[in-house]
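Me: I would like to go through the helix packing and the pockets of this model. Please keep the answers short and end each on what was asked.

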Amino acid sequence: MRLPRVVKVQSSCEDLSVLDAPAKLIKSGGLVAFPTETVYGLGANALSEKAVSRLFEVKKRALDDPVIVHIARKEDLPEVASDIPAFAHKLAGEFWPGAITLVLKKKKHIPDLVTAGLDTVAVRMPGCLIARELIKRSGVPVAAPSANMFGRVSPTCAKDVIEELGADIDMVVDAGRTEIGVESTVCDITGRQVKVLRPGGVSVEMLRSILPGEVSVETDRALLKRSPGSARRHYSPSCALVIIERGPDQAERVLEKLFLFEEKGLKACVLASEEHAGLFPAEKTVVLGPSADASRCARGLYSSLRALDKFSCDVIIAEAIDESGLGLAVMNRLRKASG
Ligand code: TXA
Ligand code: MG
């Protein structure tokens, strides 16, 4: 297998000039995977149709699923978006740099391929310093979907990227594990309200504390029209996944399911809360995190799903957690994975 060049870097590094080579590569049309605080992205020059076209090809991404354009500074927003409402600045002021993506009317020079033909563009200024330095040094806005095959689990470390896409991309910037672990919150702000199209790293509660009464979470049906690609089965491990909802006898219901699947001759594994994990067979169980700590569950979600993939089971039985805070994003991904 041909392997991409790997550039290792730490945010504590004073000299980030190692980012000059990957930045130059992005500008000239290459594909470079890089860390953000949410998940690793696969970056391409957003102004180059050729580069973005290769991005879609490598990911085997459906052409009706638009990608996010990443910028390094708030001042760069008008370079890619137009008709920016006042509350966009309020949101950016509060949450940028960070895990929120704003969907706004697009500027003409952003290729239609990036936005899947929509008249809107999704924009994010990542919280991760290395990501921002890379974008700044490239001198162009950077189109970057998560660095995984379309529909699969997002990568939270460089090794995951290399395993899945290594043969087809040019370079990987490796800064270790990502902090948040689930993708950014995608908010459509082209109307008068904030519509959350995808829950993510910035919780709905945080959004509501800034814009009370003006935040709604879109249903999957409404999503289909606005963001076609995002409504399909997604964030999926290679096998089936069933969710066991919360409740007093949650662990017993997991065990029942486990026996039921095994009776049918299916190999089942469990994605368990830290509290219940000890009740299940150790060799079939991966721990998600403490069910009361959604941030830790979010951070470990994708690596847990990847670990379960290595068990080569037929079905994953996943315990639901509370949907407040980052729990909403965790459960959104698990529900999408369950299809
Ligand atoms: O945290 C993240 O957002 C990561 C990192 C790399 O920044 N990126 C990411 O990109 O998750 P991706 O392509 O895997 O997901 C982008 C989401 C999709 O659900 C897509 O449908 C939606 O954003 N999206 C992009 N442009 C849109 C637009 N113009 N209107 C509505 N939804 C849009
Ligand atoms: Mg993705």
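Reply: A definition is needed beforehand: Ala, Val, Leu, Ile, Met, Phe, Trp, Tyr, Cys and Pro count as nonpolar, Asp, Glu, Lys and Arg as charged, and the others, Gly among them, as polar. The model is a predicted one.

Me: How many residues of each class are in the lining of the second largest pocket?
Reply: The second largest pocket holds about 210 Å³ of space. Its lining has 14 residues, and Asp76, Glu79, Gly139, Val140 and Pro141 are the closest to its centre. By class, the lining of this pocket divides into seven nonpolar, three polar and four charged.

Me: Which elements give two or more residues to the lining of the second largest pocket?
Reply: Among the residues closest to the centre of the second largest pocket is Glu79, and the place of Glu79 is in helix H3. The elements that supply two or more lining residues are helix H3 (77-80) and H5.

Me: Which residues does Glu79 touch, not counting residues up to four places away in sequence?
Reply: Glu79 sits in helix H3. Its C-alpha atom is separated by 23 Å from that of Ser146, 67 residues apart along the chain. Contact means heavy atoms within 4.5 Å. With residues up to four places away in sequence not counted, Glu79 touches Lys107 and His109.

Me: Is H1 parallel or oblique to H5?
Reply: Helix H1 (residues 20-27) packs with helix H5 (residues 129-138) at an angle of about 55°, and their axes are 8 Å apart. Angles under 35 degrees count as roughly parallel and 65 to 115 as roughly perpendicular. The angle therefore makes H1 oblique to H5.

Me: What classes of residue does the contact of H1 with H5 have?
Reply: H1 passes H5 in a right-handed crossing. From H1, Asp20, Pro22, Ala23, Ile26 and Lys27 meet Leu134, Arg137 and Ser138 in H5. By class, this contact has four nonpolar, one polar and three charged residues.

Me: Which element gives the most to the lining of the largest pocket?
Reply: The largest pocket has a volume of about 660 Å³ and is lined by 42 residues, with Arg61, Pro66, Ile68, Val186 and Arg198 nearest its centre. The elements that each supply at least two lining residues include strand S4 (68-70), strand S7 (120-124) and helix H11 (327-338). With four residues, the element that gives the most is S7.

Me: How do the residues of the lining of the largest pocket divide by class?
Reply: The lining of the largest pocket has 42 residues. They divide into 17 nonpolar, 15 polar and 10 charged.

Conventions:
Residues numbered from 1 in each chain as written. Chains lettered and ligands numbered in written order. Predicted model: local features only at pLDDT ≥ 70, side-chain atom pairs only at ≥ 80, totals over all residues. Heavy atoms only, no water. Axes fitted to C-alpha atoms, helices over the stretch in contact; angles between N-to-C directions. Parallel < 35°, antiparallel > 145°, perpendicular 65-115°, else oblique. Left-handed = near helix turned anticlockwise from the far one by under 90°. 1 Å grid on protein atoms, 1.4 Å probe; cavity = no way out; pocket = protein on both sides within 12 Å on 5 of 7 lines; lining within 4 Å. Points joined across faces, edges and corners; volume = space filled by probe spheres on them.
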